[in-house]
Amino acid sequence: PELAVLLSYAKMDLKEALVGAEVVDDPLVEPDLLGAFPAPMARDFAEDIRRHQLRREIVATRLASLVVDRGGLTLAHSLAAELGVEPKRVVAAYVAARRLFGLDQLWDQIATARIEEPARLALYGELALAIRALVADLAVRTGSERPTALVGRLAAPLTRIEGRLDRLLRPEPRAQVEAVKARLSALGAPPRILARLAMLHALTGAVGIAALATDLGLDETRVAAAYTRLGEALGIDWARGAAASIRSQDGWERLLLAGVIRSFETMRFDLMRRIIPAGGDPERHVEDWLSGHRPAADELRRMVAAARASPPTLAMVAHLANVARVALESD
């Protein structure tokens with residue numbers, strides 16, 4: 001009963017934040033508006049529904065319900081706090097993410113799979129984790145672009161990255177994806193759902209890669225290769241994975257841990273944006289930077305190697321983030 005009350009209040013609060021937001025006017029949410037009415041009405045009176053005087057309230061209610069039901073009770077508000085943005089920006093990122101990554105289709109596959117209910121709930125939880133990561137990437141990397149613009153800019157490069165992901169993954173992120181597959185297999189996930197959920201986890205960083213590639217006019221797979229090379233060479237991929245494996249003890253630790261995880265990605269992309277010119281060779285510029293900053297890179301690698309010998313702790317990954325910041329921000 002307490003959770004039911006909290007769900008209701010979370011949805012109402014989020015709905016109020018969305019009524020005046022631009023996202024409710026985006027073309028990508030039109031199916032949410034039409035879906036609020038019986039199918040025959042949506043078919044025969046679509047134009048009247050689009051002009052409904054409560055159109056904004058209907059869309060805001062539908063979006064708030066979807067985000068809370070599929071992303072979790074606190075997705076919009078906790079991500080907003082972690083990223084320093086408004087909840088409406090998180091919801092706009094969710095609208096783009098569900099189109100870019102086929103989240104609605106995966107939700108339906110889990111809903112109709114012939115599995116035990118505890119396994120279904122566990123898969124919903126895994127999907128919520130993936131949604132959180134993908135929505136955060138979109139919200140932090142893409143500024144104030146509307147969902148339609150985001151999808152138009154990122155859909156093609158993300159599709160190409162996904163098609164070549166097996167070739168692009170380095171050992172550390174590959175091991176993390178295999179761990180996800182093992183966990184999902186233990187839950188009894190059907191092969192198709194298992195493969196798709198693992199793919200969503202593997203696409204961490206893909207939004208930033210696609211955005212950087214389009215900004216610089218570069219081939220996204222070459223940007224992805226430079227991204228993974230930098231993460232492997234400096235130990236950033238391991239450090240980020242270690243941070244993600246830590247369970248926070250309270251809300252403040254959760255915010256700190258989320259900030260540390262995000263900082264590993266932000267520093268890497270900031271460095272790439274700084275050293276790779278428009279139309280340049282991403283891999284060559286990364287190799288040049290590694291060669292020209294060997295002492296700082298070696299110090300970071302040494303610290304990561306020492307950290308690998310112990311179970312990850314919040315203090316450990318926070319210190320690694322500080323060392324990485326010094327290394328990646330050096331000229």
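How are H14 and H15 oriented to each other? They are oblique to each other, with a packing angle of about 125°. This is a predicted model, and the points below look at helix H14 with its two packing partners, then at a nonpolar surface patch that includes a residue of helix H1.

**Helix H14 and its cover**
- Helix H14 spans residues 206-216 and is mostly covered, with 9 of its 11 residues buried.
- The buried residues of H14 are Ala206, Val207, Gly208, Ile209, Ala210, Ala211, Leu212, Ala213 and Leu216.
- Follow the chain just past H14 and you meet glycine 217, which has a positive phi of about 65°.

**Packing against H15**
- Helix H15 covers residues 220-234, and its axis lies 9 Å from that of H14.
- The angle of about 125° between H14 and H15 falls outside the ranges for roughly parallel, roughly antiparallel and roughly perpendicular, so the pair counts as oblique.
- The crossing of H14 and H15 is right-handed.

**Packing against H17**
- Helix H17 runs over residues 251-275, and here the axes are 11 Å apart.
- H14 and H17 meet at an angle of about 15°; angles under 35 degrees count as roughly parallel, so this pair does too.
- H14 also passes H17 in a right-handed crossing.

**A nonpolar patch on the surface**
- Leu3, Leu6, Leu7 and Leu73 make up a nonpolar surface patch, and together they have about 340 Å² of accessible area.
- Leucine 6, one of these residues, sits in helix H1, which spans residues 2-18.
- Leucine 6 has 46% relative accessibility and therefore counts as partly exposed.

How values were computed. Residues numbered from 1 in each chain as written. Predicted model: local features only at pLDDT ≥ 70, side-chain atom pairs only at ≥ 80, totals over all residues. Heavy atoms only, no water. Patch = residues over 30% accessible without salt bridge, like charges linked within 9 Å, V, L, I, M, F, W, Y side chains within 5 Å. Areas by Shrake-Rupley, 256 points an atom, 1.4 Å probe, with all protein chains shown as cover. Salt bridge = Lys/Arg side-chain N within 4 Å of Asp/Glu carboxyl O. Helix = DSSP H or I, 4+ residues; strand = E, 2+ residues; numbered from the N terminus. Buried < 20%, exposed > 50% of the residue type's maximum accessible area, 1.4 Å probe, protein only. Axes fitted to C-alpha atoms, helices over the stretch in contact; angles between N-to-C directions. Parallel < 35°, antiparallel > 145°, perpendicular 65-115°, else oblique. Left-handed = near helix turned anticlockwise from the far one by under 90°.
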